[in-house]
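Explain how this chain is laid out, going from the recorded domains to the sheet and then to the helix packing.

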Amino acid sequence: PPEIRREDYKPFPWLVPTIRLTFDLALDKTRVTARLEIERNPAAEAERTIRLNGDGLQLESLSCDGDESTDYRMDGEDLLVTLPGERHSLEIVTVIDPSANSQLMGLYASGGMLCTQCEAEGFRRITFFPDRPDVLSTYTVRMSGPKALFPVLLCNGNRTDQGEEGATHWAEWHDPWPKPSYLFALVAGDLVARSDSFTTMNGREVELNVYVRDGDLDRTEHAMKSLKRSMRWDEEVFGREYDLDLFNIVAVSDFNMGAMENKGLNIFNTKYVLADPETATDGDYDGIEGVIGHEYFHNWSGNRITCRDWFQLSLKEGFTVLRDQLFSAQMGSAPVKRIEDVRVLRGVQFPEDSGPLAHPIRPDSYREISNFYTATVYNKGAEVIRMMRTMAGEEAFRRGTDLYFERHDGEAATCEDFVRAMEDGADLDLAQFRLWYSQAGTPKVAARLIHEGQTATLTLTQTVPATPGQPDKQPMPIPLSLALFDRESGNHAGEELVVLDSETAQFSFDGFATRPVLSINRGFSAPVSIDRDVPRDELVFLAARDDDPFARYEAMQELMTGYLVGSVSGELDDAERDAARGDIAQAMRAVIEDSALDDLMRGELMVMPSQAYIAEQMLIADPGSIHAAREALKADVATRLADPLHALYERAAQVPFALDAEAKGARKVKTLALSYAAAGDPATASGLAAQQYDRADNMTDRQGALMVLAGLDSAERTGRLLDFYNRYQGNALVIDKWFALQASSLHPHAIEHVKALREHEDFALRNPNRVRSLYMAFASNPGAFHSADGEGYRMLADLILELDPINAQTAARFVPALGRWRRIEEGRAQLMREALQRIAEAPKLSRDTYEQVTRSLG
Ligand code: HT7
Ligand code: ZN
């Protein structure tokens, strides 16, 4: 497959100001008639032909200006039509089979309903069209189908007409906002809606609907509340008002990603809509609020202003992730949200940045764009915009975003447009900052503090590592928020923001009679990794005293990571090991007993660094040793702190169920205490977990208990797993949890359990949620996936090969787990390479998987 390069961008030679689509809907044969009004684009180089992208389409007829046309040819899957004049009207009839569409791109059938997914290049699977984001058209759609099968007919915009003819009914929709084809959506099915309304800041009434299958309606209250909160928040914080009379959300159970922001008709994975306390965890509730917010916010950052080309994806995704992060922070605990966001960044994006798939947030080339919906484009993209906000301050940042929305409304814009609006609106000089868009890799900053006389001098040195295709890097501006603590008083004289914009720089601070303690990258002001090489007692001090919650979390993480890396690398003797473990336990005890902390934050401070994050700190990692060391540390902490952990558990267990922060915090620390106990005293923990499971009146407690039990080789395990399955059989989202729990468990036979679950009657290769629940959980379970004999790698390769012809996008998403081989000890690295090689040699591989595998092999 050819490589598509950013520098080759050319405007499309034709404009398509309007399109009229007629759908004659049936599950296995849908006829699509597209009428395109076309005119030459005066801003582009003239061409005599128009390229209409297609993918798997059956062309039934083509006419130009009312006459059947023969002046066309196929170029691969694309249709090239010769157009002699300045403007033309093209009518194209295609036939598609939604029930055979297992890729879930274009128009497909899911559980008897029809729905679409067009981003990034799915529209070309519906009709021939210039399927690129810089061609904006006004859509009018007529859809008809059997009323019994599809009582509800939905599309973008507003419904303008509807009617019936015998058993068939039809609806006509018009979307007044010009949009690219990737934002088109259609749904036809037997659905019911929770309806509500929202009055915008200018007093307009908007009808809101959340459509689900009959029987799921009482699980939509949280989604609707989240939608209304999002709409209000975007008005208050970014001044953005909704712009149609109707906003529909539809939940579908077969979906490649989380959700999709189609204009006025968002389509969601059921996972991000359905919730009640019996079946959804606190994490699920938060996820729904975040994703509903994210898709809604796209209405401005993505739909009103879209992307010129797919290289600009971070323009809409990075910005919208930042917007959803700020929204969720304001709806709940801001410090905890920040910590969670950083944990995702470090757990997923940092490994991406240091591996074979590293790319800048604005990539320079791709073969398959679906492979670039990555944590780099999304999460690092959000961090890059967050840094601009940190440097500008909130008010100036708002001036920048106001200018961006005003300047580019209705356009297909670029990242450069955004940066320029920020420079002009927020009064920032971002000349050098643009490097964050073009350079891949996580910068490392070494921080060394020297104290002499009354002065503390901080030397900061940055290195941006080489990444594939980018051997040499330039220094980037790195905004670092810092504070210097006086150890005696436990206070600091104020937070400062320094910007490190050269390879190395010194910053002096006066007025320190004794050596201060450095707190740096507070609030995670820059997406970098810091090496501060400080004595452990300073970390213990910060873990107990830092007034920046993120920095406090960071100190705890560093204490544990430092010990684990040292221990795995064999750098510590027995005495050093014991001293380090003692310090960690002391810091953890302080956290458990600190009455000023709320439980949500206490939980964050108690979380151990993930296996992936520890591995990331080492040049070459041995997953087996890291896993063993991490579990041993957990057991050691649990043994040393058995009493305080037990007391914490007992206290938290008294808090009755509610959806407020206090009760959520109690549930969080309760299960955390239980998982520590499981490492220290498995027999007691097993009894306690079984009791928690039996008494649970909500999914958070029940899943937490079962997660602990699933990892233990105990008598209580089997019965509870069976009970869970029987209790929730038929509820797909909960059965997903049942699969994931076992695949991610600490049980020594987890790999065998995964094999058995693969054969379970409820496993379904065609359902991405189910596949991910088993295999994503498995691929991130170090004890099982990294089995030293390579069995885990072979199992994942088998899955990829089997899934690739069914759903290439989902298959390709499993490849990065095998692509980490360069950073893994030689024995396993060889086995991982063999697994990749076997995939690469398969006779017919999708473009998605082919690209990921070849890049991973390097
Ligand atoms: N903008 C949406 C991206 C998306 C997607 C991309 C490729 C294939 C399937 C997809 N489903 C949704 C989601 C978002 O970021 O809001
Ligand atoms: Zn998005």
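For the helix packing discussed below, an axis is a line fitted to C-alpha atoms over the stretch in contact, and angles run from 0 to 180 degrees between N-to-C directions. The model is predicted.

Two domains come from the record. An unreviewed UniProt entry places "Peptidase M1 membrane alanine aminopeptidase" at residues 223-433. Over residues 223-433 the chain is 55% helix and 9% strand, and the C-alpha atoms at the ends of this stretch are 38 Å apart. The unreviewed UniProt entry also places the domain "Peptidase M1 alanyl aminopeptidase Ig-like fold" at residues 441-532. Here the chain is 0% helix and 49% strand, with 19 Å between the end C-alpha atoms.

Next, the sheet. An open sheet is formed by 8 strands in the order S6-S5-S9-S3-S2-S12-S15-S14, with mixed pairing. Its edges are strand S6 (67-68) and strand S14 (158-165); each has a single partner strand, so one side of each is left without a neighbour in the sheet. The partner relation of S14 can be followed in detail: S14 and strand S15 (residues 168-179) run antiparallel and are joined by 7 bridges. Across this pair, Asp161 stands opposite Glu172 in S15.

The helix packing centres here on helix H4 (residues 334-353), taken with two other helices. The axes of H4 and helix H5 (residues 375-392) come within 10 Å and cross at roughly 115 degrees. The crossing of H4 past H5 is left-handed. H4 contributes Val344, Leu345, Val348, Gln349, Glu352 and Asp353 to the contact, while H5 contributes Ala375, Thr376, Asn379, Lys380 and Glu383. Sorted by class, the contact of H4 with H5 has 4 nonpolar, 3 polar and 4 charged residues.

H4 also packs with helix H10 (residues 549-568), at an angle of about 45 degrees and with the axes 9 Å apart. Why are H4 and H10 described as oblique to each other? Angles under 35 degrees count as roughly parallel, and 65 to 115 as roughly perpendicular; the angle of about 45 degrees falls in neither class, and H4 and H10 are therefore oblique. Their crossing is right-handed. The contact is made by Pro335, Arg338 and Ile339 of H4 together with Pro549, Phe550 and Tyr553 of H10. By class, this contact of H4 with H10 has 5 nonpolar, no polar and 1 charged residues.

Key. Residues are numbered from 1 along each chain as its sequence is written. Chains are lettered from A and ligands numbered from 1 in the order in which they are written. This is a predicted model: local features need pLDDT of at least 70, side-chain atom pairs count only at pLDDT 80 or more; totals for chains, interfaces and linings use all residues. Helices (H or I, at least four residues) and strands (E, at least two) are DSSP runs, numbered from the N terminus. A crossing is left-handed if the near helix is turned anticlockwise from the far one by less than a right angle, and right-handed if clockwise. Two residues are in contact if their C-beta atoms, placed from the backbone, lie within 7 Å. Ala, Val, Leu, Ile, Met, Phe, Trp, Tyr, Cys and Pro count as nonpolar, Asp, Glu, Lys and Arg as charged, and the others, Gly among them, as polar. Angles under 35 degrees count as roughly parallel, over 145 as roughly antiparallel, 65 to 115 as roughly perpendicular and the rest as oblique. UniProt positions are given in the numbering used here, feature names are shortened, and annotations may be inferred rather than shown by experiment. Two strands pair if DSSP finds at least two bridges between them.
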